[in-house]
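Student: I'm new to this one and would like a walk through it. Could we look at it together?

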Amino acid sequence: MSAGRVVIYGGKGALGSACVDHFKANNYWVGSIDLTENEQADVSIVVPRDAAWAAQEETVVSKVAESLAGEKLDAVICVAGGWAGGNAKKDLAKNADLMWKQSVWTSAISAAVAAQHLKEGGVLALTGAKPALEGTPGMIGYGMAKAAVHQLTRSLGAEKSGLPAGSLAVSILPVTLDTPMNRKWMPDADFGTWTPLTEVAGLFLKWTQAQERPATGSLLQLITKNGVTQLIAAE
């Protein structure tokens, strides 16, 4: 008997892989949704990279339905995303478009999956970003996309959002995650202020098991100091 069912959107990325492994280790059936396959997952749905937004949504929602065969999900967790810098001077539309596809499309498709396949009282977790609570002049496209995810989260946490009764819609707002790529690009940083991936995966598991849940619609900043992570709700 599995403990439950979850899907991880972005399940092949650094954080996504950590989430797949953590839920698998805790006896969950895990589906991965990403541009490439995650062989550790029970089901791996590969998104057609060049398809339009609506076509991606249709593919993902129907493939999730197929793999669930009438069962419901305990959680839909979207940790897909990416980063691009840049201000208004050069490639603004190009960078903003990329960020929109990586963060907003994936979050909105996750919401559609949750609306169709989440059980009552289930969890929809998205990934925002703490810097996007304010202006992000050095990474405008990124800030715009993450701010849109924050707005989506607040909407999903409100009544008549289309999510099942009693659902928790929440966004984590990390500062810096402790990934191999971040260590490569920022080797001199203070890693004690970076949030470990296992810590984030553990949070998602707790919420899925109805432990220490925040209010629905919350934007939760992940603030790590000296290796200890605190959750601070954004106003």
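Student: Which strand is joined to E6 by five bridges, and is the pairing parallel or antiparallel?

Tutor: Keep in mind that this is a predicted model. Start at strand E6, residues 168–174. One pair to look for is Val 170, which stands opposite Ser 218 in E9. The five bridges of E6 lead to E9, and the two strands run parallel.

Student: And what about E9 and E10, how many bridges do they share?

Tutor: Strand E10 covers residues 228–233. As an example of the pairing, Ile 223 has Gln 230 in E10 as its bridge partner. E9 and E10 run antiparallel here, and the number of bridges is six.

Student: Which residue in the hairpin of E9 and E10 takes a positive phi?

Tutor: Look between the two strands, where the hairpin has two residues. The phi in question is near 50°. The residue that takes it is Asn 226.

Student: How many residues of E9 are buried?

Tutor: E9 spans residues 218–225, which makes eight residues. To count as buried, a residue needs a relative accessible area under 20%. E9 is mostly covered, and its buried count is seven.

Student: Let's move to a helix. Is Ser 103 buried or exposed?

Tutor: You'll find Ser 103 in helix H3, residues 92–117. Its relative accessible area is 2%. The cut-off for buried is under 20%, so Ser 103, at 2%, is buried.

Student: Which residues is Ser 103 in contact with, leaving aside its neighbours within four places in sequence?

Tutor: Two of them are glycines, Gly 81 and Gly 82. The others come later in the chain than Ser 103 itself. They are Ala 145, Lys 146 and Val 149.

Student: Now the whole chain: how many helices and strands does it have, and why is it called as compact as a globular protein of its length?

Tutor: The chain has six helices and 10 strands. For 235 residues the globule rule gives 18 Å. The chain is as compact as a globular protein of that length because its radius of gyration is close to that value, at 17 Å.

Student: What share of contacts joins residues at least 24 apart?

Tutor: The contacts considered are those between residues at least 6 apart in sequence. Among these, the share that joins residues at least 24 apart is 64%.

Student: Last one: how far apart are the centres of the positive and negative side chains?

Tutor: The chain has 20 positive side chains and 22 negative ones. Take the centre of each set, and the distance between the two is 4 Å.

Key. Residues are numbered from 1 along each chain as its sequence is written. This is a predicted model: local features need pLDDT of at least 70, side-chain atom pairs count only at pLDDT 80 or more; totals for chains, interfaces and linings use all residues. Side-chain values use heavy atoms; hydrogens and water are left out. Helices (H or I, at least four residues) and strands (E, at least two) are DSSP runs, numbered from the N terminus. The radius of gyration is taken over C-alpha atoms; the globule rule is 2.2 Å times the number of residues to the power 0.38. Contact means heavy atoms within 4.5 Å. Lys and Arg count as positive and Asp and Glu as negative; His and the chain ends are not counted. The place of a charge is taken as NZ of Lys, CZ of Arg, CG of Asp or CD of Glu. Buried means under 20% relative accessible area, exposed over 50%, partly exposed in between (1.4 Å probe, protein chains only). Two strands pair if DSSP finds at least two bridges between them.
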